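Colleague: Could you take one part of this model, go through it closely, and then show me how the rest is laid out around it? I'm happy with a long answer.

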Amino acid sequence: MMEKLTANSQPLTAEKIWELLDEVLDPEVPVLSILDLGIVRGVRVAGEQVTVDITPTYSGCPAMNTIATDIRLRLLAEGIPNVTIRNQLSPAWTTDWMTPAGRQKLEAYGIAPPVDGTATGHLLNLFGQDTAVRCPHCKSDNTRLVSQFGSTACKASYQCNDCYEPFDYFKCH
Amino acid sequence: MLPVMQASPAESAALAAYPAAVRQQLFQYVLQLADTSLILGHRLSEWCGHGPILEQDLAMANIALDLLGETRSLYQYAAELEGQGRTEDDLAYLRAAVEYRNPLLVEQPNGDFAATIVRQFLFDNFHYPFLQQLKSSPDERLAGIAEKAVKEAAYHLKWSSEWVIRLGDGTPESRLRVEKAIASLWRYAAELTTPTATEKALQAAGLIPDYAALQPAMAAHLAHVLQEATLPTPPAATFALAGGKEGRHSEHLGYILTELQYVQRAYPGLTW
């Protein structure tokens, strides 16, 4: 602990905070950092005081308090105790903010990443489904929507028509 | 809930600008919106573990969670508007049924799956176009909450619309059940778009959407879904029940609150 405090005797910078935040993982999809997910909207450093703005993926996302706590713990471990975490609703989070690296990690983890350009507009196309979602297992585009609602608020349930594996799709939003 | 996070200052700054009377009306109104999503979310959560199939059990739990998320943002804002030191938890857990402002529709019992679907559809068909308009409210907090929630409400409306169609155009049994559900719940639909004195004042001030302007989109989607479901259009002029938005509730709300508030009433101030 003392070592870390000494190591941080140089002034805090926003860059340093961003680096540390990239080590905080989404508790529900633990291969993604909160930066991959695109939910960190701003970092400000004023002297010893750090302010981090985060935005929820979904209004009811139960992970938000855990994420806020994890941010505090990560910064505290670097000897940074003065942290304000603010919840920012607007502009509303969109899957467009998920980084390319984040999308690759998702697919490797077995969750199909959001397909660009399929956000809300088409939703009232009743019985329609998002454009081809690629199976993260066999990479086939021949898949079908099982349910718009999956194991967490941000995912839909799909099944592959070729390898028959069910999979989660991080739905476009 | 632990105060791990706080609202951004841009969102809090506007509060002071309202005259006291408007602020009080806005408080009542935000409370009404919060009560509405809380009670409907609670009703949907009663299905958890009892859904007809796993995917639809999950769907209802997901929608309940979205509504509870919207509820929390609204109660937090209501608590700030009131400025009396009450928290979101105080507002949810320590008010009596007569203080609740939700419309009667959302407190109606789950009944069978068809009744739950029809209740959800009638609500979603209002909620989605309403939030689309609320996004442009000059009140930044409400606009921000709406901007977030409208994306979720679109999924809800798609889901409930598709189920009305499946049940209506399904088997004789499913059709019979959805017809019965419409016959019993239609009378509660008008309250959603009938403004109270508080709502009229806020509409006149331009802070919340004019419900009359929502009617064309609502009527068009209702007609489309009922036609696809091969169901008859309910009579326009019908005996309508209202009063929930002014605290006059059916007996059902008392039972909901008894369960929802039990822990905080029995063990005041208990936290996880």
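Modeller: Let's start with the packing of helix α7(B): its buried residues pack against two other helices of chain B, α5 (113-134) and α6. Keep in mind that everything here comes from a predicted model. The residues of α7(B) that count as buried are Arg177(B), Val178(B), Ala181(B), Ile182(B) and Leu185(B). Look down the axis of α7(B) and those buried residues fall within an arc of 135°, so they line one face of the helix. On the face turned away from that buried side you'll find the exposed residues Pro172(B), Glu173(B), Leu176(B) and Ala183(B). Nonpolar or not, then, Leu176(B) and Ala183(B) sit among the exposed residues, while Arg177(B) is among the buried ones.

How does the length of α7(B) check out? The helix covers residues 172-185, and at 1.5 Å a residue its 14 residues should span 20 Å; the C-alpha atoms at its ends are 20 Å apart, which agrees.

One of the packing partners of α7(B) is α6(B), and that helix leads us to the interface. Between the chains, 33 residues of chain B are in contact with 28 residues of chain A. On the chain B side, the elements that give two or more residues are β1 (6-7), α3 (54-82) and α6 (140-168). Of these, α6(B) gives the most, with 16 residues. Sort that side of chain B by class and you get 17 nonpolar residues, seven polar and nine charged. For confidence, the mean pLDDT of chain B is 93, with 94% of its residues at 70 or more, and the model scores ipTM 0.86 and pTM 0.91.

Now over to the other side of that interface. Chain A has five helices and seven strands, which follow one another along the sequence as α-α-α-β-β-α-β-α-β-β-β-β. Of its 173 residues, 38% are buried. Take the contacts in chain A between residues at least 6 apart in sequence, and 56% of them join residues at least 24 apart.

Four of the chain A strands make an open sheet in the order β4-β7-β6-β5, and the pairing is mixed. The edge strands are β4 (111-112) and β5 (143-147) of chain A; each has a single partner strand, so one side of each is left without a neighbour in the sheet.

Walk across from the β4(A) edge. Two bridges join β4(A) to β7(A), residues 166-170, and this pair runs parallel. There, Ile111(A) stands opposite Asp168(A). Next, β7(A) is joined to β6(A) by five bridges, and these strands run antiparallel; in that pair, Lys155(A) has Phe170(A) as its bridge partner. The two strands form a hairpin with five residues between them, and Tyr164(A), in the turn, has a positive phi of about 65°. Strand β6(A), residues 155-160, is mostly covered, with five of its six residues buried. The walk ends with the four bridges between β6(A) and β5(A), another antiparallel pair, where Arg144(A) stands opposite Gln159(A).

The loop between β4 and β5 of chain A is worth a stop too, since Gly128(A) is found there. Is Gly128(A) buried or exposed? With 12 C-beta neighbours inside 10 Å, Gly128(A) counts as exposed, the cut-off for that being 12 or fewer. The C-alpha atom of Gly128(A) is 9.2 Å from that of Leu145(A), 17 residues apart from it along the chain.

Last, there's another strand pair in chain A. Strands β1(A), residues 40-46, and β2(A), residues 49-54, run antiparallel and are joined by six bridges; Gly42(A), for one, has Asp53(A) as its bridge partner. Their hairpin has two residues between the strands, and Gly47(A) takes a positive phi near 65° in it. Glu48(A) also belongs to the loop between β1 and β2 of chain A, and with 11 C-beta neighbours inside 10 Å it counts as exposed. To place that loop against the sequence, the C-alpha atoms of Glu48(A) and His173(A), 125 residues apart along the chain, are separated by 36 Å.

Key
Residues are numbered from 1 along each chain as its sequence is written. Chains are lettered from A and ligands numbered from 1 in the order in which they are written. This is a predicted model: local features need pLDDT of at least 70, side-chain atom pairs count only at pLDDT 80 or more; totals for chains, interfaces and linings use all residues. Two strands pair if DSSP finds at least two bridges between them. A residue is buried if 20 or more other C-beta atoms lie within 10 Å of its own, exposed if 12 or fewer, and partly exposed in between; C-beta atoms are placed from the backbone. Two residues are in contact if their C-beta atoms, placed from the backbone, lie within 7 Å. pLDDT is the predictor's confidence in each residue, from 0 to 100. Ala, Val, Leu, Ile, Met, Phe, Trp, Tyr, Cys and Pro count as nonpolar, Asp, Glu, Lys and Arg as charged, and the others, Gly among them, as polar. The expected span of a helix is 1.5 Å times one less than its number of residues. The arc is that of the directions from the helix axis to the C-beta atoms.
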